[in-house]
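Hi everyone, thanks for making time. I'd like to walk you through a structure that is probably new to most of you, so please pull it up and follow along.

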Amino acid sequence: MKILKNRQLFRIILTSFILITGIMISYAGTFDTASDVKAADIRKSAYTNESAVDNKSADILTGLEEKSYLTLEDIKKAELSFTKESYTVIKNNRVSVGLKCNIPDKFLRITYTSEDYYTYFSSYGGGMVTTVTGNSAGTSVIKATVFIDYYDENGMYEGCKTLEATSNVIVIDYIEKELTVGEQYSLNYTQYETYAHMKYEVADSLVATVAENGVVTGVCAGRTSVYITDGISDRIYVGTIVVKSNYISISESNISRAVGSSPYQLSVINTTGGTVTWTSNNNSIATVDSQGMVIPHAVGTTKIVAVHTSLTGFKTTCTCDITVTNPVLSVTETNVAKNNSITLTVNGTTGIAEWSSAKKSIASVYSEVSSYSYSYHDYEDIIPGYNAEEMVEGVQPKASVYGNKKGKCVVKVVVDGITLSCNITVTDPALKKSFFVVTKGMRQTIKVTGINKKSVVKFTSAKPKIASVSKKGIVKAKRIGFAPIKIEVDGAVYVASINVGAKKGVKAVLNALKVEGAKYSQARRMSKGYYDCSSLVWRMYSPLGVTFGDRYYAPVAANQAYYCVSHKKTLPKKYLKNLDKLRPGDLFFFRGSSNGRYKNIYHVAIYMGQEGYGDYTIGKIIHASGVVVSTGYIYNQENIVVIGRP
């Protein structure tokens, strides 16, 4: 009884030791999950049972099954081995391994160990069959240790016999394969007995396909996962296929061709052997022959399709968008003014235009930059270094024609396979007169010289309530003020300044303009053909009844200013900042150094009116300047101390 208790205690201690050792070894295992594999891709429960032979089917030594304990004689011929010399498992998956022993398993205590980190055991003790998980690619040696207790004839414990067996576990890594479109690669996972009953499948068949024999074919640029599956529950991730473009394409992705243009040759590039077939999606718009020659027929859009069949039979389809156009120049004969430009436009197309001038010395031509919007596609992850910009909207081709000198030349444009021409005449327009001083109700005609019969002259009044203008350039003064007239001809723009004033002021200006160029002389200031500043003013106004207090001799400028001030015939000096307040015939009196005269005034000028267009105009004057009677512009405004309106 005491011996039996000792034997039971020994068994308890030994069993506890084995269990603790198994747990410690279990925690020592590692599981290196591939970083690019989702949890759903790794089916830990998916493993294939090897044909593990348990001990009941082994050649058990005769008579041992009926015994309740074994003696040393019983186990002298004990043998242990794995069911296979090697097993195969895909990384992060499990495979069953089994033992064969000629001792009944009820007498066996079994532990399993792995000599490296390529594999680890899901369980370490107990049965004749266990599972091994592939940790990382490589060959791992696994070992099974069997402990067999034996007793003497009286059932007294005598000792323990140890048996060991080893086998190899080959852990297969995932594949990470790059293919080009049309390239093939053979998978070999089902060649292993463990997975021979399974079939291949891909996650995205638009990227790649896989045949039953494991041949993967790249179909389109992208990425897809590859699996093997039993079609029921097990689906094992085996790797990733990255498909990159094979760069097979039509030589051009889009073309524009005009109706009536010559046939256009397309080709398929980046091919190595194989055949190409060509078709058009709409033969009424454009046809293509077997050699890729495109013939446009009618305005519209369609696709030219080329199918390349490689030597392995893989087909790559590529397309070219074709737009059939009917380009027309906006004009075929026109004028352009010298030192000015006009714009020519090709209607009926958005294609690229090439412009040229037959005589650059007469007229130059410059393409205008078209504004396009783009949609941007980044294919860097599939095709390193490759980006694409797709034009989605454009404008019609345009060009500026610049007139260099008077003459004729031809400007040509090549667009969508045809050549269009425009006859250009460079004119030299000019205004015969650009500055007018008139009274209300007067009519004046703006005359343009240097043009021809094809020149179209357009007149526009900026202030038609002050002065209107007809299509023929006839100006009618309606009320006092300033009205610039814009004249457009052959691409040039000119301005005629219309100043409408009171009768006396306008007459004084017109009288002064009649003596423009006369000599300046103070000594002979009242003699015919000679003037100084004050005598010019008096002699222009005195016939109109304005004598500045002296009917027979011209007072000096200071006395004329004093007359205006004393007779309240002056304007605020702030009007110099607002020329619309001034009228033709107003007088500007300038101060100088101290001369003992009224306000030190030494000079006077007659205001003629404004010149210019838009927000910027400038005031003109006529005066005896010290050399001759001449016109000019308002100057030294800070020295104008009196503005007179006689």
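I'll go through some strands first, then a loop residue, and then some aromatic rings.

Please keep in mind that this is a predicted model.

Let's begin with the strands. As a reminder, strands of a sheet pair through backbone hydrogen bonds, either parallel or antiparallel. Here, four strands make up an open sheet, in the order E26-E28-E33-E30, with antiparallel pairing. Which strands stand at the edges? They are E26, residues 328-329, and E30, residues 363-367; each has a single partner strand, so one side of each is left without a neighbour in the sheet. For E26, two antiparallel bridges connect to E28, which covers residues 341-347. If you click on Val 328, you'll find its bridge partner in E28, Asn 347.

Now move over to E25, residues 315-325. Strand E18, residues 254-258, runs parallel to E25, and five bridges join the two. One of the partnerships there is Ala 258 with Thr 325. E25 is also joined to E24, residues 300-309, by ten bridges, and that pairing is antiparallel. Val 305, for example, has Thr 319 as its bridge partner in E25. E24 and E25 form a hairpin with five residues between them, and in the turn Gly 313 has a positive phi of about 95°.

Next, a loop residue. Glu 368 sits in the loop between E30 and E31, and it is partly exposed, at 32% relative accessible area. Apart from neighbours within four places in sequence, Glu 368 is in contact with Thr 343, Lys 398, Ala 399 and Ser 400. Glu 368 and Pro 397 are 29 residues apart in sequence, yet their C-alpha atoms are 7.6 Å apart in space.

Finally, the rings. The whole structure holds ten aromatic pairs. Among them is Tyr 227 with Tyr 237: the ring centres are 6.0 Å apart and the planes lie at 70°, so this pair is edge-to-face. Tyr 227 belongs to strand E15 and Tyr 237 to strand E16. Are these two buried or exposed? Tyr 227 is buried, at 4% relative accessible area, and Tyr 237 is buried as well, at 2%. Tyr 227 has a charged companion too: Arg 235 lies over the face of its ring, 3.6 Å from the ring centre.

Lys 620 likewise lies over the face of Phe 435, at 4.6 Å from the ring centre. And one last group to look up: ring pairs link Tyr 69, Tyr 151 and Tyr 157 into a cluster.

Thanks for listening!

Notes: Residues numbered from 1 in each chain as written. Predicted model: local features only at pLDDT ≥ 70, side-chain atom pairs only at ≥ 80, totals over all residues. Heavy atoms only, no water. Pairing = 2+ DSSP bridges. Buried < 20%, exposed > 50% of the residue type's maximum accessible area, 1.4 Å probe, protein only. Contact = heavy atoms within 4.5 Å. Phe/Tyr/Trp six-rings, centres within 6.5 Å; stacked < 30°, edge-to-face > 60°. Lys NZ or Arg CZ within 6 Å of the ring centre and 35° of its normal.
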